[in-house]
Amino acid sequence: MDRAPGRSVRLKLTLSYAGFLMVAGALLLAAVWVFLLRYVPDRAMLINPDDRPDGVFPVRSALLDVFAPRAAAVLAFLLVFGLVGGWILAGRMLAPLTRITDATRMATHGSLSHRIRLPGRKDEFRELADAFDAMLARLEAHVAEQQRFAANASHELRTPLAISKALLDAARADPDHDTGEVIDRLHAVNTRAIDLTEALLLLSRANQRSFTRECVDLSLMAEEATETLLPLAEKHGVTVETRGDITPTTGSQALLLQLTTNLVHNAIVHNLPEEGAVWVTTTLRPKTVALTVENTGEHLTPRQVSAFTEPFQRGTERIHTDHAGVGLGLAIVKTIAQAHDGTLTLTPRPAGGIRITVELPAASAHADR
């Protein structure tokens, strides 16, 4: 925002200090006049020679002639002292603000790695500096995550486009080649690109929290997702068991259904080659509701599990090629959970596989019990 130039805060504080000092000095001199000089007679007095005091008896006019110049000199000294001292004092007081301003300018030019790290004991300026450092750290992490996400998304989108171009070039170079095979492969590649685009749009929608909140029962979402994915589970030889409490929460029904579907889908696809199992459980807690999805599978380490929520992170040995997905399943789950003020917890099962728990705030009618 363009603003007209004005006085600096340091100058304003300096003038304030000097003005306050002048007012205090003037009040002090006025008090001297009111409470002392007013009681001095304004003309000479006749007194008994025997009672004459030593020295000259002062009169008001004579004292005023002496007092006024010296009072003016005192006020002039206070003015100079207030301006010089106020300027130095204001500079020392505003020095932390200057460092904060410099850091802000650096951040506006793209340097998010700079930190103020203001030394000293806690006060208002240091609280502001610490809050600004924390904001810069969050912004830096967010920007790095967005840049990494954009690079991965660009790579993922480029792959199906490059495959489509290669298939079209091959079909153009060999007109006698079987077009049915090319069409089938193009259809599969195009479907993958559409799925990836829809996943990116879903992530954007969840991040912006541009959805209407309504009462949603997670147990119904779990049943619907299980029924929808039952043919996929039968195809992979995986049994799916759903159980639990009625778990009311508030949020977007479409997004929470997508969250549940992604969890169940991942649990089915990333499973044992045969005789795998998936358990979907909903739990009502005093202030929250929880959706837990467990599956059988290979043994995982906590380090491996912690990386699954990163965008475009896929396992290699655990994924069936016909349902590899776009690498955004758990990233979408994490984003939707955070958009609903919830948490996502991933824990490896001792017997193999993974346990994923989404915890969301319970609906107000149940949270108050």
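Student: Why does Ile88 count as partly exposed?
Tutor: We're looking at a predicted model, where local features need pLDDT of at least 70 and side-chain atom pairs count only at pLDDT 80 or more, though totals for chains, interfaces and linings use all residues. Residues are numbered from 1 along each chain as its sequence is written, and side-chain values use heavy atoms, with hydrogens and water left out. Buried means under 20% relative accessible area, exposed means over 50%, and partly exposed is in between (1.4 Å probe, protein chains only). Ile88 is partly exposed because its relative accessibility is 48%.

Student: Which helix holds Ile88?
Tutor: Helices here are DSSP runs of H or I with at least four residues, strands are E runs of at least two, and both are numbered from the N terminus. Ile88 sits in the helix spanning residues 60–108, which is α2.

Student: How far is the C-alpha of Ile88 from that of Arg10?
Tutor: Along the chain, Ile88 and Arg10 are 78 residues apart. In space, their C-alpha atoms are separated by 9.1 Å.

Student: Where is the kink in α5?
Tutor: Helix α5 covers residues 218–235. The bend at a residue is the angle between axes fitted to the seven residues ending there and the seven starting there. In α5 that gives a kink of about 50°, shortly before the proline Pro231, at Leu229.

Student: Which residue after α5 has a positive phi?
Tutor: Look just past the helix whose buried residues include Met221, Ala225 and Leu229. With a phi near 70°, the residue that follows α5 is Gly237.

Student: How many residues of α8 are buried?
Tutor: Helix α8 runs over residues 329–339 and is mostly covered. Its buried residues include Leu330, Ile332, Val333 and Ile336. Out of 11 residues, the buried count is 8.

Student: At what angle do α6 and α8 pack?
Tutor: Axes are lines fitted to C-alpha atoms, for helices over the stretch in contact, and angles run from 0 to 180 degrees between N-to-C directions. The axes of α6 (residues 253–269) and α8 lie 9 Å apart, and the angle is about 145°.

Student: Which residues of α8 make that contact?
Tutor: Contact means heavy atoms within 4.5 Å. On the α6 side, the residues include Leu255, Leu259 and Leu263. From α8 come Gly329, Leu330, Ile332, Val333, Ile336 and Ala337.

Student: What share of the protein chain is buried?
Tutor: The chain comes to 9 helices and 7 strands. Among its 369 residues, the buried share is 33%.

Notes. The expected span of a helix is 1.5 Å times one less than its number of residues.
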